[in-house]
Amino acid sequence: MQSPYQPSDIESKWQQQWSDSNLYLTEENRDKPKFYALSMFPYPSGKLHMGHVRNYVITDVIARFKRMQGHRVLHPMGWDAFGLPAENAAIDRGIPPAKWTYENIAQMRSQLQELGLSIDWSREVATCSPDYYKWTQWLFLQFYEAGLAYQKEAAVNWDPIDQTVLANEQVDSEGYSWRSGAKVERKLLRQWFLKITDYAEQLLNDLQQLEGWPDRVKTMQENWIGKSVGAYLEFPIVGSDEKIPVFTTRPDTVYGVTYVVLAPEHPLTEKVTTPERKEAVSAFIQEVSSESEIDRTADDKPKKGTLTGGKAINPFTGEEIPILIANYVLYEYGTGAVMGVPAHDVRDFKFAKENNLPIKVVILPENVEETDFSLVEAYTETGIMVNSGEFNGMESTKGKEAVIKLAENKGFGKKRIQYRLRDWLISRQRYWGCPIPVIHCQDCGTVPVPTEQLPVKLPEQVEFSGRGPSPLAKLDDWVNVTCPKCGKPAKRETDTMDTFIDSSWYFLRYTDATNQNEPFNLDRVNDWMGVDQYVGGIEHAILHLLYSRFFTKVVRDRGLVSVNEPFKRLLTQGMVQGLTYKTKQTGKYLTPEQIIYKNGECRDKETNEPVNIFYEKMSKSKYNGVDPKLVLEKYGADTARMFILFKAPPEKDLEWDDADVEGQYRFLNRVWLLVNEFIENPDSAEDKTINKANLSKEEKDLRRAIHTAIKEISEDLSGDYQFNTAVSELMKLSNALRDAKIKNSPVYREGVETLILLLAPFAPHISEELWHKLGNSESVHLANWLIIDEEALTVDEITLVIQIKGKTRGTISAPASASKDELEAIARASDIAQKYIADKEIKKVIVVPNKLVNFVVV
């Protein structure tokens with residue numbers, strides 16, 4: 001008697017056996033081609049969500065397929081473990097961040113193992129482990145030695161109540177502190193930066209190498225880098241030797257400059273402000289300091305400014321023009337100053353109108369006289385230059401180069417390429433991050449910590465209040481050290497690194513994860529890099545991927561790796577969405593228990609308010625999440641995997657539907673039943689030998705179905721991954737086997753074995769169980785991927801349609817190799833044709849090879 005399909009029994013059993021036998025340890029046999037399959041590693045929040053499940057299952061299917069194809073596969077996992085949530089937990093729960101983090105790691109590792117992922121856990125890394133962040137610090141010193149790490153004054157988010165610097169993540173969308181609720185201010189502090197701008201051109205140009213990346217991700221990075229070709233111009237300050245530098249992409253409009261604007265934080269602001277304007281300027285700076293960067297630069301926010309009383313000279317006209325400060329100019333962007341051309345810039349036009357500043361037209365549309373031109377909004381198109389001295393009448397596109405040439409000849413400007421990309425601010429004034437390995441000495445300045453003293457460990461006895469400076473800055477015993485260079489008293493750097501640093505090189509560490517002497521061995525890292533398939537969310541399309549590309553190029557230039565790019569192919573999987581209930585008037589999210597249906601309409605039980613029903617990204621706050629644990633307990637990991645893969649193409653959003661989950665569970669039950677019936681059939685063929693020369697029509701048909709499945713699924717798992725259609729092919733093969741009448745044939749045995757082998761990457765547990773039930777002693781996951789028999793795909797017979805005067809009268813079988821004349825003869829002789837043409841004159845015969853024969857009769 002057959003045992004029922006019990007996922008809970010077989011899945012835990014095989015997970016244990018795979019672990020005990022080290023089945024998924026990375027093979028180092030270099031005679032085999034390598035394949036590096038990588039999922040973006042998670043933050044250890046302690047709980048797996050469906051987005052995680054989708055990401056890791058996709059990568060796992062690819063890794064398993066490549067192993068069966070004969071590749072040695074690196075498929076590792078680790079934890080992006082530093083960051084704010086652990087520090088918040090320390091404040092809220094009164095436990096050390098390390099304890100909270102490592103408990104979460106243990107819990108999530110167990111959850112991942114329940115999915116049956118073919119991960120090499122011997123290469124596991126956690127970015128908060130000293131064994132890892134020792135090398136993060138070592139790499140920072142590589143940047144420092146290369147002149148790519150430096151300190152400078154920078155505007156930061158300042159909480160005036162807690163008296164501490166906040167990361168952007170700690171400031172809400174309205175510009176308020178996440179903890180104190182205070183309106184966050186902007187403040188200048190010395191911060192650490194990495195010179196990513198030195199690599200802007202490489203990062204931009206090398207996007208062309210990334211043929212395996214989605215176009216939209218490359219476009220997002222291109223826009224973020226933001227290359228602009230224009231002019232660097234200097235506007236002298238009246239009564240001073242100082243000049244205001246600006247960058248513009250429209251030098252052809254320079255004769256229309258009627259004012260210059262400085263960022264309030266600009267060092268020149270104080271110098272150009274006249275005594276009578278000092279009070280107004282100070283008040284304005286105070287007002288702007290409470291605005292977030294988003295508020296200051298948003299298109300829909302008012303553009304506010306004030307006069308400084310200072311004047312600059314337009315070097316092209318010799319005119320004196322006012323100097324203002326305004327909220328929309330940021331010191332960190334470009335030169336921290338802009339030239340105001342209100343006639344030809346939308347933002348400048350709005351600002352000039354609101355502040356009663358002069359507007360001067362210097363570009364006209366072609367064939368339009370100045371007397372006929374009315375400026376109701378900024379004219380930003382190209383045209384003919386007017387009011388522009390020697391350039392009058394010149395096309396503005398040609399005028400750009402001409403104006404730059406004049407500026408270069410006169411010494412007040414030059415051609416320049418500028419990038420939107422800014423240097424990477426990596427300083428964080430918090431505890432739970434990688435300490436920056438430098439020491440500040442009064443005599444020697446900034447001194448790197450000697451490499452033999454790495455890692456600079458985080459102290460354990462730390463008090464967390466959530467207020468004041470970084471907890472590290474309060475630890476005198478940790479802060480006060482001896483200068484490694486001169487031996488005098490010195491102080492440690494108390495800033496820690498942005499967590500994006502940790503995730504910018506972890507893929508390199510996986511290639512040599514237990515190396516205690518270096519971050520990774522040159523031979524090993526060059527053997528495995530680059531990552532052949534990277535899988536993760538589109539939300540990481542810019543920062544993480546850009547920073548990882550930057551890191552790879554820097555370590556390449558330091559001779560630590562040979563590749564130019566870290567990730568050959570990138571798959572950005574869609575989100576998992578859940579059914580969501582939201583009231584129409586108030587926008588309140590409801591749980592399924594809070595709704596009721598009245599007269600076919602969904603309503604809030606409590607208020608009777610109408611409710612909208614739609615799919616949205618799963619979230620606790622929206623009450624639409626599905627706990628993977630509950631799904632695994634009810635249906636098993638294989639069913640969850642099959643649903644995740646079948647429901648939608650990997651790059652599309654997936655709408656969770658319990659009915660579809662149930663459908664995949666029923667499919668696996670059918671496979672279980674089919675294979676067990678074959679095993680229990682006493683007449684099942686023991687001999688696997690298939691005599692191709694003597695196959696019956698039924699055997700040929702089944703073999704065609706078998707090898708069609710091999711062909712289609714192999715294609716679906718190569719190139720652009722189509723897991724959903726691959727699962728459909730598995731269902732087709734299962735149906736073909738279920739309907740077959742030749743269950744004692746060796747062909748049927750071939751079909752059963754093929755079904756299990758093709759199913760193995762998708763549903764690894766049930767495949768392993770059934771494979772062993774068939775009498776195999778080695779794991780199905782060590783078996784070779786199947787080879788297509790092209791001969792089996794050949795069709796011996798076709799179905800030929802018989803038409804009379806274009807109307808179908810029936811079908812017959814005919815040899816697939818028959819010529820047009822032979823098809824006509826076979827059709828004429830058929831009973832169907834004879835019934836309609838026996839006593840009639842045939843005027844014409846139309847033969848469409850392999851499809852139909854049409855008799856036109858009188």
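Start with the whole chain on screen: of its 858 residues, 53% are buried. Keep in mind as you click around that this is a predicted model. Colour by secondary structure and you'll be looking at 27 helices and 35 strands. Turn the view along the principal axes, and the C-alpha atoms fill a box of roughly 110 × 80 × 65 Å.

Switch on a surface next. The accessible area comes to about 38800 Å², with carbon and sulfur atoms holding 47% of it. Now colour the charges: there are 104 positive and 124 negative side chains, and the centres of these two sets sit 2 Å apart. As for how the chain folds back on itself, take the contacts between residues at least 6 apart in sequence: 71% of them join residues at least 24 apart.

**Stop one: Thr-136**

Select residues 130–145, which form helix 5, and pick out Thr-136 in it. Is Thr-136 buried or exposed? Its relative accessibility is 1%, so Thr-136 counts as buried, the cut-off being under 20%.

Show what surrounds Thr-136. Beyond its neighbours within four places in sequence, you'll find Cys-434, Met-497, Ile-501, Asp-502 and Trp-505 in contact with it. Zoom in on Trp-505: its side chain and that of Thr-136 are joined by a polar contact of 3.1 Å. Then draw a C-alpha to C-alpha distance from Thr-136 to Ser-503; you should get 9.8 Å, for two residues 367 apart in sequence.

**Stop two: the nonpolar cores**

Select Phe-140, Leu-194, Trp-656 and Phe-762. In the largest nonpolar core, which has 174 residues, these four touch the most other members. Add helix 2 (residues 50–68), which gives this core its largest share, 10 residues.

Now centre on Phe-762. Setting aside neighbours within four places in sequence, its contacts include Val-61, Arg-641, Met-642, Leu-645 and Ile-713, and also Leu-717, Phe-723, Ala-726, Val-727 and Leu-730. For the second core, which is separate and has 34 residues, select Val-257, Ala-312, Ile-363 and Tyr-379, which are among its members.

**Stop three: helix 24**

Go to residues 764–773, helix 24. How many of its 10 residues are buried? The count is 8, so this helix is mostly covered. The buried set runs Pro-764, His-765, Ile-766, Ser-767, Glu-768, Glu-769, Leu-770 and Trp-771.

What covers them? Show helix 1 (7–20), helix 2, helix 19 (637–646), helix 20 (658–680) and helix 23 (746–759), which are among the elements doing so. Finish on Gly-775, just after helix 24, where phi is positive at about 105°.

Note on methods. Residues numbered from 1 in each chain as written. Predicted model: local features only at pLDDT ≥ 70, side-chain atom pairs only at ≥ 80, totals over all residues. Heavy atoms only, no water. Helix = DSSP H or I, 4+ residues; strand = E, 2+ residues; numbered from the N terminus. Buried < 20%, exposed > 50% of the residue type's maximum accessible area, 1.4 Å probe, protein only. Contact = heavy atoms within 4.5 Å. Areas by Shrake-Rupley, 256 points an atom, 1.4 Å probe, with all protein chains shown as cover. Lys, Arg positive; Asp, Glu negative; His and termini not counted. Charge placed at Lys NZ, Arg CZ, Asp CG, Glu CD. Polar contact = N/O pair within 3.5 Å; in protein donor to acceptor, adjacent residues only side chain to side chain. Core = buried A, V, L, I, M, F, W, Y, C linked by side-chain atoms within 4.5 Å.
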